[in-house]
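Biologist: Hi! Could you walk me through this structure in plain words?

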Amino acid sequence: MQLLMVFALVCTVGSAYGAGDTMPASLTGTRGDPAHGRAIVVNRQLGLCILCHGGPFPEERFQGDLAPDLKGVGARLSEGQLRQRIVDSGKISIMPAYFRTEGLIRVAPAFQGKTILSAQQIEDVVAYLATLRD
Amino acid sequence: MLALPASADEARRSGYDFMSRATRAMQDEDAANTGMLWVKDGEALWNGKAGGANRACADCHGDAVASMKGVATRYPAFDARMRRPVSLEQRINLCRTEKQKATPLAHEGPDLLALSAYIGMQSRGMPIAIVMDENTKPFLEAGRETFNRRQGQLNLSCAQCHEDNWGRKLAGNPITQAHPTGYPLYRLEWQGVGSLQRRLRNCLVGTRTQAYAYGAPEFVDLELFLMWRANGMTLETPAVRP
């Protein structure tokens with residue numbers, strides 16, 4: 001318990017994120033659908049997640065390893081923290097901001113003015129990642 | 001000439017070093033290297049008369065095996081009249097329009113790829129040797145800036161993958177150090193030979209960045225920076241890559 005509290009303290013106080021560490025409120029006001037979220041995570045054209053992250057997706061052969069494995073991510077991070085990192089991870093990593101259209105350079109015409117995922121899709125992904133507790 | 005730090009030099013690895021044994025074997029054996037078909041086509045083009053001048057490359061330059069030896073290790077190279085570096089493909093087209101009085105060959109078309117593969121082949125095994133003088137340096141710096149600039153919807157720079165994360169896997173494939181040691185080269189994914197600029201476009205499309213046009217100054221500057229960064233590494237043209 002004490003260890004958990006220290007961990008929480010480090011996460012909030014010692015945060016290196018340009019943006020806040022956590023974004024507790026749902027982008028849509030409702031909970032996402034974990035099944036949809038999983039489909040988005042493993043979709044290489046939509047979520048793009050497994051290009052960089054590995055995870056508990058035994059059916060997916062070609063996963064990345066330049067970002068942390070998603071196994072157990074729901075135990076390591078709160079839903080608010082997951083949401084913040086997907087929306088805009090700030091300076092903590094090179095991970096693209098999935099819900100931002102400002103401050104980008106030379107975006108290909110087909111993607112100009114568009115976020116990588118919609119608010120609903122991000123909520124679905126958050127709901128799914130939160131289930132990855134082992 | 002600007003020297004690369006020794007530490008970077010020791011760590012440098014060609015894309016070849018990241019390949020499977022089977023793909024390496026394909027490059028190592030000329031009879032198995034599909035890129036050699038383009039080289040053969042290039043040899044025929046080198047010796048064929050073209051344009052209003054009805055002149056072949058060989059009519060001025062003679063036997064490419066002797067006259068083109070080492071040339072590809074120095075491109076992109078500064079051109080005094082263009083007042084900027086030109087790629088090997090652009091040099092071929094300058095020769096075509098000015099000396100042969102022929103129409104320029106299309107970028108990424110079979111003839112320009114064949115000729116550049118044939119010319120590149122004459123430098124196979126030689127160290128890349130971009131000359132960095134005062135004229136060239138501003139273009140090198142422009143290329144370096146592009147290399148380090150986060151771009152596109154995914155907001156990634158070349159350096160974030162190819163310097164900070166080389167050796168790790170992107171979608172199951174190792175990320176290389178982005179040393180252009182073997183262009184033009186045969187890529188299994190393309191089922192054909194392509195230029196360095198085609199490969200750069202692949203990365204730009206992947207990061208959802210608006211690509212530059214073939215031959216655009218930004219592309220040549222980036223090509224110049226990457227080749228200079230690979231100075232001293234062995235040219236493998238025509239290389240094979242997955």
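Modeller: Happy to; we can go from chain A to the interface and then to some single residues.

Modeller: This is a predicted model, where local features need pLDDT of at least 70, side-chain atom pairs count only at pLDDT 80 or more, and totals for chains, interfaces and linings use all residues. Residues are numbered from 1 along each chain as its sequence is written, chains are lettered from A and ligands numbered from 1 in the order in which they are written, and side-chain values use heavy atoms, with hydrogens and water left out.

Biologist: Okay, how many helices and strands does chain A have?

Modeller: Chain A has 6 helices and 0 strands. Helices (H or I, at least four residues) and strands (E, at least two) are DSSP runs, numbered from the N terminus.

Biologist: And what percentage of chain A is buried?

Modeller: Of the 134 residues in chain A, 38% are buried. Buried means under 20% relative accessible area, exposed means over 50%, and partly exposed is in between (1.4 Å probe, protein chains only).

Biologist: What area does chain A expose?

Modeller: About 7400 Å², with 62% of it supplied by carbon and sulfur atoms. Accessible areas come from the Shrake-Rupley method with a 1.4 Å probe, and for residues only the protein chains shown count as cover.

Biologist: Now the interface. How many residues does each chain bring to the contact?

Modeller: Chain A brings 25 residues and chain B brings 21 residues. Contact means heavy atoms within 4.5 Å. Chain B and chain A bury about 2100 Å² between them, and 57% of that is on carbon and sulfur atoms. Buried area is the accessible area (1.4 Å probe) that two parts lose on being put together, summed over both.

Biologist: Which residues of chain B lose the most area to chain A?

Modeller: B:Gln153, B:Arg208 and B:Gln210, which together account for 34% of what that side buries. By class, the chain B side that touches chain A has 7 nonpolar, 9 polar and 5 charged residues. For those classes, Ala, Val, Leu, Ile, Met, Phe, Trp, Tyr, Cys and Pro count as nonpolar, Asp, Glu, Lys and Arg as charged, and the others, Gly among them, as polar.

Biologist: How many salt bridges cross between chain B and chain A?

Modeller: The rule finds 0 salt bridges across that interface. A salt bridge is a side-chain nitrogen of Lys or Arg within 4 Å of a carboxyl oxygen of Asp or Glu. The count of residue pairs in polar contact between chain B and chain A, both at pLDDT 80 or more, is 10. A polar contact is a pair of N or O atoms within 3.5 Å; within protein, one must be able to donate a hydrogen and the other to accept it, and residues adjacent in sequence count only if both atoms are side-chain atoms.

Biologist: So how many salt bridges are there over all chains?

Modeller: A search of the whole structure finds 14. One of the salt bridges joins the side chains of A:Glu60 and A:Arg44 (2.9 Å, N to O). A:Glu60 sits in the loop between α3 and α4 (73-76) of chain A and A:Arg44 in the loop between α2 and α3, so the pair ties together parts that are 16 residues apart in sequence.

Biologist: Is A:Glu60 buried or exposed?

Modeller: A:Glu60 counts as buried because its relative accessibility is 19%, while A:Arg44 is partly exposed at 24%.

Biologist: Changing topic: where is B:Gln177?

Modeller: B:Gln177 is in the loop between β4 (173-174) and β5 (185-187) of chain B. B:Gln177 counts as buried, at 5% relative accessibility. A polar atom of the B:Gln177 side chain lies 2.5 Å from the backbone nitrogen of B:Arg13.

Biologist: Any backbone oddities to show me?

Modeller: Most residues other than glycine have a negative phi, and most peptide bonds are trans. A:Leu48 has a positive phi of about 65° although it is not a glycine. A:Leu48 lies in the loop between α2 (34-42) and α3 (49-52) of chain A, and at 9% relative accessibility A:Leu48 counts as buried.

Biologist: And which peptide bonds are cis?

Modeller: Among them are the bond from B:Tyr75 to B:Pro76, with omega near 0°, and the bond from B:Thr237 to B:Pro238, with omega near -5°. B:Pro76 is in the loop between α5 (64-67) and β1 (77-79) of chain B, and B:Pro238 is in the loop between α11 (217-229) and β7 (240-241) of chain B.
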